[in-house]
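User: Please go through the fold of this chain with me, from the sheet to the cores and one loop residue.

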Amino acid sequence: MNTISAEREQEYGIPYGDDSIYADMKYINSNEFANKFKSITQNKAVNETLLKCARNAITHRNGTLYEDMYIINGNTGEIMASQLNTPFEQSINHNEEIKTALIEAKADNIPVIALHTHPEGFPPSVDDFNSAFKFDYSLGIVVGHNGQVYSYHRGEEYIDDPDVVQLDIAMAYKRGVDVDRAHKEVYDEYGLEYEIVKE
C-alpha cells in the first residue's frame, strides 16, 4: 500500500481493498454507522429502509466479494425489488425483479433509490453511474463493508468505455494518489460526482 493511501486509511480509520471485505459488524450495528443514514434524504422512512438494507446486505455478503442490491421507493421507503443472489463477484446484474420494478416506477413517476454494496469499500464505479443514467435513479447509494457510505447521482451522459475510466483511476492510484482522490480526479473529467456520507 502506498503512503498516501495509508494516510487516507488512517484518516478514515478503515481499510480498503481485500482487507476490507470482513466487516466490523460491531461498527455496522452501531449508532455511529446509523447516523450516516439520518439525513441521506429528507424522508425518515426512506432513510430507515436504507439503513436496514445496508446492514442486511453487509451481513449477507460479509467476507465475500459478492454484492447485493436493493431498489427503494424514494417516496415511501418501500423495498421495490432486490438482487441478493448475483452469480458474479464485484458486480450486480439487474435481475427480472429489478428490471420490472424500474419499468413500473418510471411509468408511475416514482423516484427510485438504488443501494448496493462494494465489499472492498471503493467509491461508485463507472458502471454504477451508467446504471444510474440508464435507469434514471433519483439517488444511488454505495455501502462498503468497511463502513464507508457514498451517495451519487447520474451523470450528464452515458460513459461508452468505462474500462478506460477505470484504467485511469487505477493509474492514478498507482502513482500514489489515494482511493478517494484517484476517483475524484478522474471523475471530474467526465462530470461524475459522488459524496462520502458522514454523520
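The turns below cover the sheet, the cores and one loop position.

Analyst: This is a predicted model, in which local features need pLDDT of at least 70, side-chain atom pairs count only at pLDDT 80 or more, and totals for chains, interfaces and linings use all residues. Residues are numbered from 1 along each chain as its sequence is written, and side-chain values use heavy atoms, without hydrogens and water.

User: Which strands stand at the edges of the open sheet?

Analyst: The sheet has 6 strands (E runs of at least two residues in DSSP, numbered from the N terminus) in the order β2-β1-β3-β4-β5-β6, with mixed pairing. Pairing requires at least two DSSP bridges between two strands. A single partner strand leaves one side without a neighbour in the sheet, so the edges are β2 (79-83) and β6.

User: What is the bridge partner of I71 in β2?

Analyst: β1 and β2 run antiparallel and are joined by 4 bridges. In β2, the partner of I71 is A81.

User: How many residues has the largest nonpolar core?

Analyst: A nonpolar core is a set of buried Ala, Val, Leu, Ile, Met, Phe, Trp, Tyr and Cys residues joined through side-chain atoms within 4.5 Å. M69, I71 and Y187 are among the residues with the most contacts inside the largest one. The residue count of this core is 30.

User: Is E120 buried or exposed?

Analyst: E120 is in the loop between β3 (112-118) and α6 (126-135). Buried means under 20% relative accessible area, exposed over 50%, partly exposed in between (1.4 Å probe, protein chains only). At 15% relative accessibility, E120 is therefore buried.
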